[in-house]
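Dear colleague,

Please find below the structure that I am handing over to you. My notes on its helices and pockets follow it.

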Amino acid sequence: MRIHSIEAIAVDIPLSRNFGGSTYAVLKRSTVITRMRTEGGLVSEVYNGDNREHGPAIVRLIHEELAPRVRGLNILETERIWERLFTLSHTSRDRKTLMEAIACVDCAVWDLVGKASGKSVCALLGGHRERLPIISIGGYYMDGKTLADIGREMEAYRAAGMAGCKFKVGGLAPEEDARRVEAARRAAGADFVLAVDANRGWSAQDATASPGWSSRSTSAGSRSRATGTTTSP
């Protein structure tokens with residue numbers, strides 16, 4: 001079960017609306033699809049990340065730098081494969097992009113191991129649960145979006161079975177964003193997780209000076225007095 005070849009493709013899908021936060025715009029969704037083949041014909045196909053700027057660079061790294069290092073290795077030698085790839089990080093000038101490329105290859109290896117053994121990757125890594133609570137990302141800023149719209153958005157997440165939402169703030173004055181989060185909390189209910197994500201859209205002074213937010217409302221893991229929500233960096 002030796003690695004025969006690796007193919008990677010960068011995919012960009014334009015969006016009809018901007019799903020942005022306080023400090024960035026999201027006009028497309030991106031990913032890298034990685035296909036790994038063994039000499040015996042087993043094929044894995046995985047997708048990784050949401051790098052909207054460096055997809056082609058990740059693909060180039062996989063084709064030119066990573067694939068030659070692992071071609072011919074047995075897919076069950078997962079640690080050896082990882083070490084062969086990670087060695088490049090010691091001399092890379094763009095370590096972040098390289099690590100994303102390594103992750104693509106590593107996930108493809110584990111997908112092959114799972115297919116070869118008839119097990120899910122979750123089981124291979126020791127997982128024992130079949131179900132886990134997940135949260136959505138929402139509260140995006142959109143023209144004409146009202147507090148009632150935010151309420152309906154949260155209700156839709158609950159109806160879909162979500163346990164919570166990473167909610168975007170930081171794009172308006174803290175007082176205005178506090179009202180948005182309060183609307184989300186009322187609609188979602190007290191047992192629904194709201195992780196407030198300011199994306200460094202406020203300064204600490206902005207938040208501290210605003211009624212309804214704690215002095216640490218832009219710090220990771222802090223809580224807002226007004227809304228009972230946990231913030232995210």
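Helix α5 passes helix α6 in a right-handed crossing, a term used when the near helix is turned clockwise from the far one by less than a right angle. Please note that this is a predicted model, in which local features need pLDDT of at least 70, side-chain atom pairs count only at pLDDT 80 or more, and totals for chains, interfaces and linings use all residues. Residues are numbered from 1 along each chain as its sequence is written, and side-chain values use heavy atoms, with hydrogens and water left out.

Helices are DSSP runs (H or I, at least four residues), numbered from the N terminus. Residues 147-159 form α5 and residues 174-188 form α6; the two pack at an angle of about 40°, with axes 8 Å apart. Axes here are lines fitted to C-alpha atoms over the stretch in contact, and angles run from 0 to 180 degrees between N-to-C directions. The pair is therefore oblique, the word for angles that are not under 35 degrees, over 145 or from 65 to 115. In the contact (heavy atoms within 4.5 Å), α5 contributes Leu-147, Ile-150, Gly-151, Met-154, Glu-155 and Arg-158, while α6 contributes Arg-179, Arg-180, Ala-183, Ala-184, Ala-187 and Ala-188. These divide into 7 nonpolar, 1 polar and 4 charged residues. Ala, Val, Leu, Ile, Met, Phe, Trp, Tyr, Cys and Pro count as nonpolar, Asp, Glu, Lys and Arg as charged, and the others, Gly among them, as polar.

A second pair is α2 (residues 78-86) and α3, whose axes come within 10 Å and cross at roughly 165°. These helices are therefore roughly antiparallel to each other, and their crossing is right-handed. The contact of α2 with α3 has 10 nonpolar, 1 polar and 2 charged residues.

Turning to the pockets, a pocket is an open set of points on a 1 Å grid where a 1.4 Å probe fits, with protein on both sides within 12 Å along at least five of seven lines; lining residues have an atom within 4 Å of a point. The largest has a volume of about 240 Å³, volume being the space filled by probe spheres set on the points. Its lining has 6 nonpolar, no polar and 6 charged residues, including Phe-19, Arg-52 and Asp-197.

The second largest pocket holds about 200 Å³. Both α1 (55-70) and α3 (95-117) supply at least two residues of its lining, and α1 gives the largest share, 4 residues.

Yours sincerely
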